[in-house]
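Opened a fresh page for this one. I want to go through strands first, then a few side chains, then the rings.

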Amino acid sequence: CIKANAKSCGECIQAGPNCGWCKKDDFLQEGEPTSARCDDLAALKSKGCPMEDIENPRGSKLVLEDREVTNRKIGAAEKLKPEAITQIQPQKLVLKLRVGEPQTFSLKFKRAEDYPIDLYYLMDLSYSMKDDLENVKSLGTALMLEMEKITSDFRIGFGSFVEKTVMPYISTTPAKLRNPCTGDQNCTSPFSYKNVLSLTSEGNKFNELVGKQHISGNLDSPEGGFDAIMQVAVCGEQIGWRNVTRLLVFSTDAGFHFAGDGKLGGIVLPNDGKCHLENNMYTMSHYYDYPSIAHLVQKLSENNIQTIFAVTEEFQAVYKELKNLIPKSAVGTLSSNSSNVIQLIIDAYNSLSSEVILENSKLPKGVTISYKSFCKNGVNDTQEDGRKCSNISIGDEVKFEINVTANECPKKGQNETIKIKPLGFTEEVEINLQFICECQCQSEGEPNSPLCHEGNGTFECGACRCNEGRIGRLCECSTDEVNSEDMDAYCRRENSTEICSNNGECICGQCVCKKRENTNEVYSGKYCECDNFNCDRSNGLICGGNGICKCRVCECFPNFTGSACDCSLDTAPCMASNGQICNGRGTCECGTCNCTDPKFQGPTCEMCQTCLGVCAEHKDCVQCRAFDKGEKKETCSQECMHFNMTRVESRDKLPQPGQPDPLSHCKEKDVDDCWFYFTYSVNSNGEANVHVVETPECPSGPDIIPIVAGVVAGIVLIGLALLLIWKLLMIIHDRREFAKFEKEKMNAKWDTVS
């Protein structure tokens, strides 16, 4: 939006769909150009422009005609006129387009059952088609019977063609002009195109008139069928076309001439695409060249005619290529004598009616259109394939989503009309395009306003739109004064030679500051001496991300200070566990503790390597005040009066964790080896409070009697155990001695015997 350099609100909204214009009178800073009023919406709001002062018109759509598609069955008693049948919805709408903002609408198409059909049979009557003519003579009534299965309102017509009536396409000798055939063949004079029978619902009349036709002849193989197709397409009144399904059956066994071939006969004027039938005969074949394929495509499309090429096997490849160039056309293989022509027409019609292809009229400059199709069985497509749906049966309903986008405004801003229609159908959607090229506030402008330097411009949308020959933010200068050296003097700061601080241009004695490539970076000030990107940085961010850079100085957000707004005034990071800022041992600077007591360190001045804990620190004072003993007993009144003390009966009555003031629970030994319990806390006013259990827990003395009894019992037990052991050893010794005695006694007996 900024790069668009918009001088007015209208130019701004044409720069893009997200661009808005701030019409607030005092929105611009000194030195900012008028184009700074144009920016994306978020940027304008961040710069202080209220939403009600932002011009941001949006596009819209309005449906004017929206008749429902017709639902009726073949054979229904209700007989509707063709114009009363609706196959496409909506029929008319208005789109208000803003540049770059697409407008979307849905289009519904339903192929009505029992829809009227007009069929015109255009036949090559050159000599090679002689046997085919005999079969076509009874085509009228036979085709009527078949088509009754599809529609109750069917009309048929007949035309024939041969070739241009000049050399070298035909022989121009008098005899050959009367009868171009050889031998005894009775042929009619050659002609270019003849409308034999205009469209009629009388099949018998078709048979009667076609039965009177005679074959003709020509010299070359390609025929002049394109001349005939052109006349059938553009001569709607003579042919009798209605606003219904229009089918043209083109029957031949030869190729075709096209634009440029007329030079062979000295015909150089391009085909004019107009009707030249007199007495149902084409009278200008000798004057205008054959039409081009593109010209035929245009006229067939304009007149909603679907073409069926009924050609012999020999020329299938040629006409299939032609079919690819002509939308909504089909090719069928004609038997050598046209005996299969009815089935060919039925098959081709079913093929054509099973596909719907949307086309639009020529789009105005700068307008684009895109399609998305929603076809049967969940088949969706976009881009070129989004224009069509295939395999549609009669009575099926399909939808299309259509986006229309304006990429620029018309020079005069006038409305345009485009039309969208299914190929081969007369119904269409008419779309009126209205372009949003100006803002609402521009209509409220004040011409020759005194706010624009004595009426030299129109004051609109908060800014001056200067009259021709005037420039400047307030139209205060004429174009003749722009380069005056006297004017430049007003653009220099005192004691400076730089014009607009080298950051802008001097226009009408006023600095208009340059724009930076980064649209968020802005020069401002009377001499463009200020900017919003050259302030001190912290952590790689301007003003540390905690302030706004104004004229190269940071304006910090609340709770931040410093040249780069990198100093936080928030004391939460300095809060110690006891609830004091920096533990009462330092000051909080920029969110960090500066410890004033050198013994303490850490983020909250709570770490002290050489300090006793809270309990040990206050142990002696609590002991002397609560129990009148301890090391500080003599100096208690001088050293230990810095806290309030409260006695409690038991440990359960001590303050518990969860109270507002930080709390320490302590258990210490006194001089008598008794345990005493107390708590230490500091309230928000800095007052220390001690709660102490009034009775210490002292260990009791030993019980002598159990000890003596135990000792005596132990001695007795040990003595008895020793006696038992001695007795056991003696028994063992005596038994060993007795055994030894018995052995010696036995030995003595043996000696006596010997």
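Here are my entries, in the order I looked things up.

**Entry 1: what I'm looking at**
Reminder to self: this is a predicted model.

**Entry 2: strand β17**
I began with β17, residues 367-374, and asked which side chains sit on its covered face. I found Val367, Ile369, Tyr371 and Ser373 there, while Thr368, Ser370, Lys372 and Phe374 make up the uncovered face. That fits the textbook picture, where side chains in a regular strand alternate between the two faces of the sheet.

Next I checked the partners of β17. With β20 (residues 397-406) I get an antiparallel pairing over 8 bridges. Phe374, from the uncovered face, stands opposite Lys399 in β20. With β18 (residues 380-382) the pairing is again antiparallel, and I noted 3 bridges. Ser373, from the covered face, has Asp381 of β18 as its bridge partner.

I also looked at the hairpin that β17 and β18 make: 5 residues lie between the strands. Asn377 takes a positive phi there, near 60°.

**Entry 3: strand β7**
Buried or exposed, I wondered, for the residues of β7? Of its 8 residues (103-110), 6 are buried, so the strand is largely enclosed by the rest of the structure.

β7 also pairs with β20, antiparallel, through 8 bridges. Leu107 is matched with Phe400 of β20. So my notes have β20 paired with β17 and with β7, as both are joined to β20 by DSSP bridges that satisfy the rule of at least two. β5, residues 88-89, joins β7 through 2 bridges, antiparallel as well. The bridge partner of Ile88 in β7 is Phe109.

**Entry 4: two side chains in helices**
Val708 is in helix α15, residues 704-753. I have it as partly exposed, at 46% relative accessible area. It belongs to a nonpolar surface patch of about 950 Å². Other members include Ile704, Ile707, Val711, Ile715 and Leu723.

Then I went to Gln231 in helix α7, residues 225-234. Gln231 is buried, with a relative accessible area of 0%. What does Gln231 touch, leaving aside residues up to four places away in sequence? I listed Tyr193, Lys274, Cys275, His276, Leu277 and Tyr282.

**Entry 5: aromatic rings**
The count comes to 15 aromatic pairs. I pulled up Phe250 and Tyr319: the ring centres are 6.3 Å apart and the planes are at 40°, so I logged the pair as tilted. Phe250 lies in strand β11 (residues 245-252) and Tyr319 in helix α10 (residues 316-325), so this pair ties together parts 69 residues apart in sequence. Phe250 counts as buried, at 1% relative accessibility, and Tyr319 counts as buried at 0%.

Tyr319 also pairs with Phe309. Here the centres are 5.5 Å apart and the planes at 45°, so this pair is tilted too. Phe309 lies in strand β14, residues 305-312, so its pair with Tyr319 in α10 links parts 10 residues apart in sequence. Phe309 is buried as well, at 1% relative accessibility.

Last lookup: which residues form one aromatic cluster with Tyr319? I wrote down Phe161, Phe226, Phe250, Phe256, Phe258 and Phe309.

Notes
Residues numbered from 1 in each chain as written. Predicted model: local features only at pLDDT ≥ 70, side-chain atom pairs only at ≥ 80, totals over all residues. Heavy atoms only, no water. Buried < 20%, exposed > 50% of the residue type's maximum accessible area, 1.4 Å probe, protein only. Helix = DSSP H or I, 4+ residues; strand = E, 2+ residues; numbered from the N terminus. Patch = residues over 30% accessible without salt bridge, like charges linked within 9 Å, V, L, I, M, F, W, Y side chains within 5 Å. Areas by Shrake-Rupley, 256 points an atom, 1.4 Å probe, with all protein chains shown as cover. Salt bridge = Lys/Arg side-chain N within 4 Å of Asp/Glu carboxyl O. Contact = heavy atoms within 4.5 Å. Phe/Tyr/Trp six-rings, centres within 6.5 Å; stacked < 30°, edge-to-face > 60°.
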